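The following exercises invite a careful reading of one structure. Each task is followed by a solution that proceeds step by step.

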Amino acid sequence: MTRISLPTTISAAPVAAQPLLEGVNKLLGSVPNLFRLTSNSPAALEGYLGLNGALAKGALDAQTRERIALAVAQINGCNYCLSAHTYLGKNLAKLDDAEIAANRNGGSTDAKADAAVGFAVALVQKRGQVSDTDVQAVKEAGYSEAELVEIVAHVALNTLTNYLNEAFGTPIDFPVVSAAAA
């Protein structure tokens with residue numbers, strides 16, 4: 001049970017959010033509950049979709065984006081996002097179970113990706129106050145400055161969705177994964 005309304009249809013959402021939800025439906029073939037919940041604020045939904053869309057065109061590949069999402073969701077204890085990104089990681093980014101487990105534990109089975117996930121974990125745990133060593137490690141792994149900025153942006157974007165889902169109790173509409181079982 002959500003703590004705020006969860007529009008059951010696109011037409012039940014605020015009018016300004018309806019075209020945004022139609023776009024989600026066209027892209028995904030459905031409107032997951034996260035988007036329905038966020039549609040309570042058309043401005044927040046537009047902001048989320050805008051940043052998510054822009055980052056999808058960025059320098060980080062889909063696999064690295066999913067790895068970061070899994071690590072951040074695990075730290076923040078967001079079962080909705082763990083469920084969604086486990087599904088997306090397996091089906092879209094083609095991550096295997098070992099990789100997903102490594103991501104949830106703050107790393108990766110791939111050496112370069114391990115640096116990106118580790119940096120994302122440091123960002124969350126240190127609330128952005130990473131050290132010179134943290135930054136240098138991800139640079140030495142081969143990430144550009146653009147990619148470093150995008151890692152921070154992905155941590156922020158995923159923290160937003162983690163907090164929305166946890167604050168308002170978004171019902172999970174993906175195969176359920178629990179943060180308690182990393």
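## Exercise 1: The surroundings of P14

Task: Determine whether P14 is buried, partly exposed or exposed, and state where P14 lies and what it touches.

Solution. Step 1: P14 has a relative accessibility of 29%, so it counts as partly exposed; buried means under 20% relative accessible area, exposed over 50%, and partly exposed in between, computed with a 1.4 Å probe on protein chains only. The model is predicted: local features require pLDDT of at least 70 and side-chain atom pairs pLDDT 80 or more, whereas totals for chains, interfaces and linings use all residues. Residues are numbered from 1 along each chain as its sequence is written, and side-chain values use heavy atoms, without hydrogens and water.

Step 2: P14 belongs to the segment before α1 (helices, H or I, of at least four residues and strands, E, of at least two are DSSP runs, numbered from the N terminus).

Step 3: When residues up to four places away in sequence are not counted, P14 touches S39, N40 and P42 (contact means heavy atoms within 4.5 Å). The C-alpha atoms of P14 and S41 are 7.9 Å apart, although 27 residues separate the two along the chain.

## Exercise 2: T38 and Y87

Task: Locate T38 and Y87, and give the accessibility class of T38 and of Y87.

Solution. Step 1: T38 is placed in helix α2. Its relative accessibility is 8%, and therefore T38 counts as buried. Beyond its neighbours within four places in sequence, T38 is in contact with A44, L45 and L164.

Step 2: Y87 is found in helix α5 and counts as partly exposed at 38% relative accessibility. With neighbours within four places set aside, Y87 is in contact with L92, F174 and P175. The C-alpha atoms of Y87 and V176 are separated by 9.2 Å, the two residues being 89 residues apart along the chain.

## Exercise 3: Salt bridges

Task: State how many salt bridges there are, and describe the one between E99 and R67.

Solution. Step 1: The count is four, where a salt bridge is a side-chain nitrogen of Lys or Arg within 4 Å of a carboxyl oxygen of Asp or Glu.

Step 2: In one of them, the side chains of E99 and R67 meet at 2.6 Å, N to O. E99 lies in helix α6 (residues 97–104) and R67 in helix α4, so the pair ties together parts that are 32 residues apart in sequence. Both residues, E99 and R67, are buried.

Step 3: K90 and D97 form another salt bridge, with closest N and O atoms 3.1 Å apart. K90 is partly exposed at 38% relative accessibility, whereas D97 is exposed with a relative accessible area of 53%.

Step 4: E145 pairs with K139 in a salt bridge, the closest N and O atoms being 3.6 Å apart. E145 is exposed at 57% relative accessibility, and K139 is partly exposed at 34%.

## Exercise 4: The helices around the pocket

Task: Identify which helix gives the most to the lining of the largest pocket.

Solution. Step 1: Helices α1 (18–28), α2 (33–38), α3 (42–56), α4 (62–76), α5 (79–91) and α9 (145–168) each supply at least two lining residues.

Step 2: Among the contributors to this lining, α5 gives the most, with seven residues.
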